[in-house]
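Q: Could you take me on a close look at one helix near the end of this chain and what surrounds it? I'd like one connected account, with the backdrop first.

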Amino acid sequence: MAPRRVQTNGLIAGITLIALGIVGTLVLITAGVGGFGPGSDEEQVWPGTESLGVPWFSHSQTEPADFSSLGEQIYYTGRGEDGRVIPRSEGMMHMNACVDCHGRDARGGTARIMMESFETPSIRWSALAGEDHEGDHPPYDAERFARALREGVDPGGETLDRIMPRWDLTGEEIDALVDYLDGF
Ligand code: HEC
């Protein structure tokens, strides 16, 4: 009789462990994929990066929220038409989307990713296309914007820092981003 009871106990212990594993996984998934979308009010930001309003854990590569436009979806997730992951230059920052570096209001600020801290410019369309553009180069238009995004060259012919990824965007995705950035 005794060996049989040991076997049963072992079985119960095994099932309990498996159940704990499943619960643990669910907790992680819920915490990790929770809605960091345009409307959420996540406040766990890295000290010093408050201007971006982006949580310290990035959700760039997930598909969490309902986005109201293709431009907003690209901005928050780095995913474009039909949900494709937009190809971009490799590097430490290649997992991030625009929002992680340029912030929720697209005004730029101090970003801190993978132990690196850097400043990003405002990319609101009013800032990019305005006469009083922060940089010392001519204002952006859609074509110059596409060049900056795809090739990393600004309207003055200067190469953008490598921290800013190069994005292989389609024409439609470029237009969608311009529309989105024009909406702030
Ligand atoms: C990993 C951080 C990071 C990500 C992700 C990122 N950027 Fe940038 N971006 C930068 C930095 C840093 C600069 C400034 C580069 C420089 O001045 O040389 C920049 C510059 C720019 C500029 C040029 C602005 C100017 O004044 O000339 C544009 C436009 C831009 N980003 C748009 C975007 C868009 C749109 C996305 C998403 C598709 C994006 N960025 C994603 C970091 C990032």
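**A close look at helix α6**

A: Along the sequence, the elements of this protein come in the order α-α-α-β-β-α-α-α. That amounts to six helices and two strands. Please keep in mind that the model is predicted. Its mean pLDDT is 80, and 70% of the residues reach 70 or more. One stretch to treat separately is residues 26-35, where pLDDT stays under 50 and the model has five contacts beyond four places in sequence. Of the 184 residues in the protein, 25% are buried. Among contacts with a separation of 6 or more, 47% join residues 24 or more positions apart.

Now to the helix itself. Helix α6 takes in residues 171-182, twelve residues in total. From its first C-alpha to its last it reaches 17 Å, close to the 16 Å expected at 1.5 Å a residue.

Which residues of α6 are buried? They are E173, I174, A176, L177, Y180 and L181. These residues lie on the same side of α6, because the arc they cover around the axis is only 165 degrees. The face turned away from that buried side carries G171 and E172, which are exposed.

What covers the buried residues of α6? The cover includes α2 (residues 70-77), α4 (residues 125-129) and α5 (residues 142-151). Let's take α2 and then α5.

The axes of α2 and α6 come within 7 Å and cross at roughly 90 degrees. With that crossing angle, α2 is therefore roughly perpendicular to α6. On the α2 side, the contact is made by L70, G71, E72, I74 and Y75. On the α6 side, it is made by E173, A176, L177, D179 and Y180. Comparing this with the buried set is instructive: E173, A176, L177 and Y180 are buried in α6, and these residues also take part in the contact with α2.

Turning to α5, the buried residues there are F145, A146, A148 and L149. They sit on the same side of α5, because they cover an arc of only 165 degrees around its axis. On the other side of α5, E143 and E151 are exposed. The cover over the buried residues of α5 includes α4 and α6. So the relation runs both ways, because α5 is among the elements covering the buried residues of α6, while α6 is among those covering the buried residues of α5, with burial meaning 20 or more other C-beta atoms within 10 Å.

Following the chain from α5 towards α6, the backbone has a feature just after α5: G152 takes a positive phi of about 70 degrees. Further on, W167 is found in the loop between α5 and α6. W167 counts as buried because it has 22 C-beta neighbours inside 10 Å. Where does W167 make its contacts, leaving out residues up to four places away in sequence? W167 touches I86, R88, L149 and R150. L149 is one of the buried residues of α5. As for I86, it is 81 residues from W167 in sequence, yet their C-alpha atoms are 6.8 Å apart in space.

Two other loops are worth a look for the backbone and for their surroundings. As background, most residues other than glycine have a negative phi. D82, in the loop between α2 and α3, has a positive phi near 55 degrees. D82 counts as exposed because it has 6 C-beta neighbours inside 10 Å. A106 also has a positive phi, near 65 degrees, and lies in the loop between α3 and β1. A106, however, is buried, because 23 other C-beta atoms lie within 10 Å.

The loop between α3 (residues 98-102) and β1 (residues 109-113) also holds R104. R104 counts as partly exposed because it has 18 C-beta neighbours inside 10 Å. Leaving aside neighbours within four places in sequence, R104 is in contact with L52, G53, V54 and V99. A link back towards α2 appears here too: the C-alpha atoms of R104 and Y76 are separated by 8.5 Å, with their positions 28 residues apart along the chain.

To bring the picture back to α6: its buried residues are on one side, and the cover over them includes α2, α4 and α5.

Definitions and conventions:
Residues are numbered from 1 along each chain as its sequence is written. This is a predicted model: local features need pLDDT of at least 70, side-chain atom pairs count only at pLDDT 80 or more; totals for chains, interfaces and linings use all residues. pLDDT is the predictor's confidence in each residue, from 0 to 100. Two residues are in contact if their C-beta atoms, placed from the backbone, lie within 7 Å. Helices (H or I, at least four residues) and strands (E, at least two) are DSSP runs, numbered from the N terminus. The expected span of a helix is 1.5 Å times one less than its number of residues. A residue is buried if 20 or more other C-beta atoms lie within 10 Å of its own, exposed if 12 or fewer, and partly exposed in between; C-beta atoms are placed from the backbone. The arc is that of the directions from the helix axis to the C-beta atoms. Axes are lines fitted to C-alpha atoms, for helices over the stretch in contact, and angles run from 0 to 180 degrees between N-to-C directions. Angles under 35 degrees count as roughly parallel, over 145 as roughly antiparallel, 65 to 115 as roughly perpendicular and the rest as oblique.
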